Amino acid sequence: MDQAAGGLDDADILVDVGAGFTELDFFLRNEYGWRGRYVPLDAWVDGTFDFSTWRPARPVGWYAALEVLEHLQDPEDLIRRMKESALKGFVVTTPNSNVVDVLAQDPTHVTALDEDTLRKWGLATSLHNFYGQYQDGICGLWRKD
């Protein structure tokens with residue numbers, strides 16, 4: 001695979017924090033032909049259910065935490081842990097609290113986030129349409145220098 005997926009290559013390990021039904025693995029392999037190692041973490045998959053206390057077992061190339069941060073009381077702590085352990089970087093997504101009522105969307109949502117907060121934590125951000133309203137989702141990318 002080339003660098004089309006933002007620096008993820010076939011030699012990388014990607015840990016998917018809150019993997020759900022592992023759609024990210026399917027997408028990367030089918031859309032980009034990625035052949036790296038995918039490690040899903042989720043109560044549905046491996047029994048990991050508390051990402052407020054989870055600690056990476058060892059450094060890996062990339063982390064993904066898609067639609068996870070809004071479920072944590074202290075999402076910045078997860079950001080710090082991924083920064084400490086990522087060899088290349090990580091990507092996160094979260095609802096955009098400037099567009100949608102994040103806390104009313106889902107009873108498990110406990111933290112509303114916006115682009116300014118993610119940028120303050122050192123992430124490059126972009127807006128996308130995910131929940132049916134224009135720019136209602138935020139994608140954050142952090143790359144190790």
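## Close-up views of a predicted model

**View 1. Lys88 and its two acidic partners.** Lys88 counts as partly exposed, at 29% relative accessibility, in a model that is predicted. With 20% and 50% as the limits of the partly exposed class, a value of 29% puts Lys88 inside it. Now look at who Lys88 meets. The side chain of Asp12 joins Lys88 in a salt bridge, with 3.0 Å from N to O. Asp12 sits in the segment before E1 while Lys88 belongs to strand E4, so this pair ties together parts that are 76 residues apart in sequence. Asp9 makes a salt bridge with Lys88 too, and here the closest N and O atoms are 3.0 Å apart. Since Lys88 is in strand E4 and Asp9 is in the segment before strand E1 (13–17), that contact links parts 79 residues apart in sequence. Are the two acidic partners buried or exposed? Asp9 is buried, with a relative accessible area of 18%, and Asp12 is buried as well, at 7%.

**View 2. A salt bridge along helix H2.** Zoom in on Arg80 and Glu76, which form a salt bridge with their closest N and O atoms 3.7 Å apart. How many residues separate them in helix H2? They are 4 residues apart in that helix (residues 75–85), which means about one helical turn lies between them. Arg80 is partly exposed, with a relative accessibility of 37%, and Glu76 is also partly exposed, at 29%. This pair belongs to a network of salt bridges that links Arg55, Asp74, Glu76, Asp77, Arg80 and Arg81. Counting across the structure, there are 10 salt bridges.

**View 3. Phe51, Trp54 and a ring cluster.** Next come the aromatic rings, which make 5 pairs in the structure. In one of them, the ring centres of Phe51 and Trp54 are 6.3 Å apart and the planes meet at 75°, so the pair is edge-to-face. That label fits because an angle over 60 degrees counts as edge-to-face. Phe51 has a relative accessible area of 9%, so it is buried. Trp54 is buried too, at 13% relative accessibility. Which residues make up the cluster here? Ring pairs join Phe51, Trp54 and Tyr63.

**View 4. Phe90 stacked with Trp142.** For another ring arrangement, look at Phe90 and Trp142: this aromatic pair is stacked, at 5.4 Å centre to centre with 25° between the planes. Phe90 is in strand E4 (residues 86–95) and Trp142 is in strand E6 (residues 137–143), so the pair connects parts that are 52 residues apart in sequence. Phe90 is buried, and its relative accessible area is 0%. Trp142 counts as buried at 14% relative accessibility.

**View 5. Stepping back to the whole chain.** The secondary structure adds up to 4 helices and 6 strands. Starting at the N terminus, the elements run β-α-β-β-α-β-α-α-β-β. The radius of gyration is 15 Å, close to the 15 Å that the globule rule gives for 145 residues, so the chain is as compact as a globular protein of that length. Its C-alpha trace spans about 40 × 30 × 30 Å along the principal axes. Of the 145 residues, 45% count as buried. Among contacts with a separation of 6 or more, 60% are between residues 24 or more positions apart. On the outside, the chain exposes about 7800 Å², and carbon and sulfur atoms supply 52% of that area.

Key:
Residues numbered from 1 in each chain as written. Predicted model: local features only at pLDDT ≥ 70, side-chain atom pairs only at ≥ 80, totals over all residues. Heavy atoms only, no water. Phe/Tyr/Trp six-rings, centres within 6.5 Å; stacked < 30°, edge-to-face > 60°. Buried < 20%, exposed > 50% of the residue type's maximum accessible area, 1.4 Å probe, protein only. Helix = DSSP H or I, 4+ residues; strand = E, 2+ residues; numbered from the N terminus. Salt bridge = Lys/Arg side-chain N within 4 Å of Asp/Glu carboxyl O. Rg over C-alpha atoms; globule rule 2.2 N^0.38 Å. Contact = heavy atoms within 4.5 Å. Areas by Shrake-Rupley, 256 points an atom, 1.4 Å probe, with all protein chains shown as cover.
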